[in-house]
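Me: I'm new to this one, so could you walk me through it? Let's begin with any open space and then go on to the domains.

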Amino acid sequence: MPELPEVETIRRVLEPSVTDDKITEIFIRQNRMIRGQSLYFFKQELTGRQILKVDRRGKYLIFRLNHKIFLVHLGMSGQIIRTTDNSVSQNTSFPLPDKHTHLTLWLSSGTVLYFRDPRMFGRYILSDPNDESRLFSNLGPEPLGPQFTPSGLYQDLRKRTASIKALLLSQKIVAGLGNIYVDESLFRAKINPAKPGGQISKKQTKILHESIKLVLTEAVNAGGTSISDFQDPEQRIGNYQNHLQVYGKKGKSCPHCGTIIIKENLAQRGTHWCPSCQK
DNA sequence: CGTATTGTTTTGCC
DNA sequence: GGGCAAAACAATAC
């Protein structure tokens with residue numbers, strides 16, 4: 001579910017409603033995803049903190065608290081649902097908390113945040129602000145920030161023999177792209193997903209850089225992609241699934257040339273491309 | 001029964 | 001030690 005555009009959509013919804021709120025109570029159903037602080041201290045250290053700011057880095061949501069940072073990675077199926085109900089939600093499409101609600105935060109204004117994650121690939125990390133750079137040390141530049149440049153991208157792809165698909169998924173070349181947006185970006189750039197990173201020309205790299213920024217910007221503006229179950233904290237779905245060109249389009253015609261879109265496994269993921277446009 | 005799914009970490013090999 | 005590729009994690013749908 002959540003790649004950069006989805007996480008940014010969540011961030012934008014949460015920011016105005018939880019900023020300056022205090023965490024008054026916490027309930028943990030499943031502690032598998034909790035990292036950083038020990039379980040005992042997790043609850044103790046989170047309770048009473050004020051949310052100063054909600055940021056994002058790659059696919060991580062960052063709650064900046066007084067003297068702590070709370071990082072949330074939603075994995076494959078994580079979501080955050082906001083209600084103003086104190087016990088059982090009445091506004092949601094299903095009763096909350098349910099068996100997939102692993103963490104619940106009550107805030108001083110009456111807001112309740114439900115953290116759901118059926119597949120439990122997500123992570124909740126409570127740490128010191130000083131640890132932030134270490135926690136993000138494996139992430140490449142923000143694709144929509146000034147650090148992401150065509151020349152930097154070109155340098156990082158030099159001498160790499162792995163496929164551009166695998167490299168873009170790794171988060172180390174650039175942060176925030178997942179399976180959907182890698183396929184869409186490579187289609188826009190007319191680059192074959194199997195092409196080794198080191199074989200992409202300077203000119204192609206510049207186009208790839210532009211394509212990534214374009215696709216992500218469009219997707220953020222559309223409120224993310226709701227393929228199966230993405231919804232923002234207010235339970236609204238995104239709109240970018242209506243703009244996808246190749247992802248999920250196996251057997252359909254390429255919007256550019258009409259050739260049938262292919263889907264094959266690459267880098268352990270279903271990979272979609274136009275065999276004619278993306279040589 | 002298989003296969004597939006919007007992600008990352010770990011493992012093992014070269 | 002780095003780069004790379006595959007397994008592993010888990011739930012659910014088809």
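**The largest pocket and the domains**

Reply: In this model, which is predicted, the largest pocket holds about 740 Å³ of space. Its lining is made of 30 residues, and those closest to the centre of the pocket are P2, K59, G75, M76 and R269.

Me: Which helices or strands supply at least two residues of that lining?

Reply: Two strands, β5 (68-73) and β9 (123-127), do so, and the helix α6 (179-189) likewise supplies at least two residues of the lining.

Me: And what is the lining like by class?

Reply: Sorted by class, the lining of the largest pocket comprises 14 nonpolar residues, nine polar ones and seven charged ones.

Me: OK, where does the largest pocket lie relative to the domains?

Reply: It lies between domain 1 (4-135) and domain 2 (150-273), because both of them give residues to its lining.

Me: Switching topic, how far apart are the C-alpha centres of the two domains?

Reply: The C-alpha centres of domain 1 and domain 2 are 28 Å apart, and the contact between these domains takes 21 residues from domain 1 and 21 residues from domain 2.

Me: What area is buried between them?

Reply: About 1,600 Å² is buried between domain 1 and domain 2, with carbon and sulfur atoms giving 59% of that area.

Me: How many salt bridges does the rule find across that interface?

Reply: The rule finds one salt bridge across the interface of domain 1 and domain 2.

Me: What about R82, which residue does it form a salt bridge with?

Reply: R82 forms a salt bridge with E234, and the closest N and O atoms of this pair are 3.2 Å apart.

Terms used. Residues numbered from 1 in each chain as written. Chains lettered and ligands numbered in written order. Predicted model: local features only at pLDDT ≥ 70, side-chain atom pairs only at ≥ 80, totals over all residues. Heavy atoms only, no water. 1 Å grid on protein atoms, 1.4 Å probe; cavity = no way out; pocket = protein on both sides within 12 Å on 5 of 7 lines; lining within 4 Å. Points joined across faces, edges and corners; volume = space filled by probe spheres on them. Helix = DSSP H or I, 4+ residues; strand = E, 2+ residues; numbered from the N terminus. Nonpolar A, V, L, I, M, F, W, Y, C, P; charged D, E, K, R; others polar. Domains from an automatic or database assignment. Contact = heavy atoms within 4.5 Å. Buried area = accessible area lost by both parts, 1.4 Å probe. Salt bridge = Lys/Arg side-chain N within 4 Å of Asp/Glu carboxyl O.
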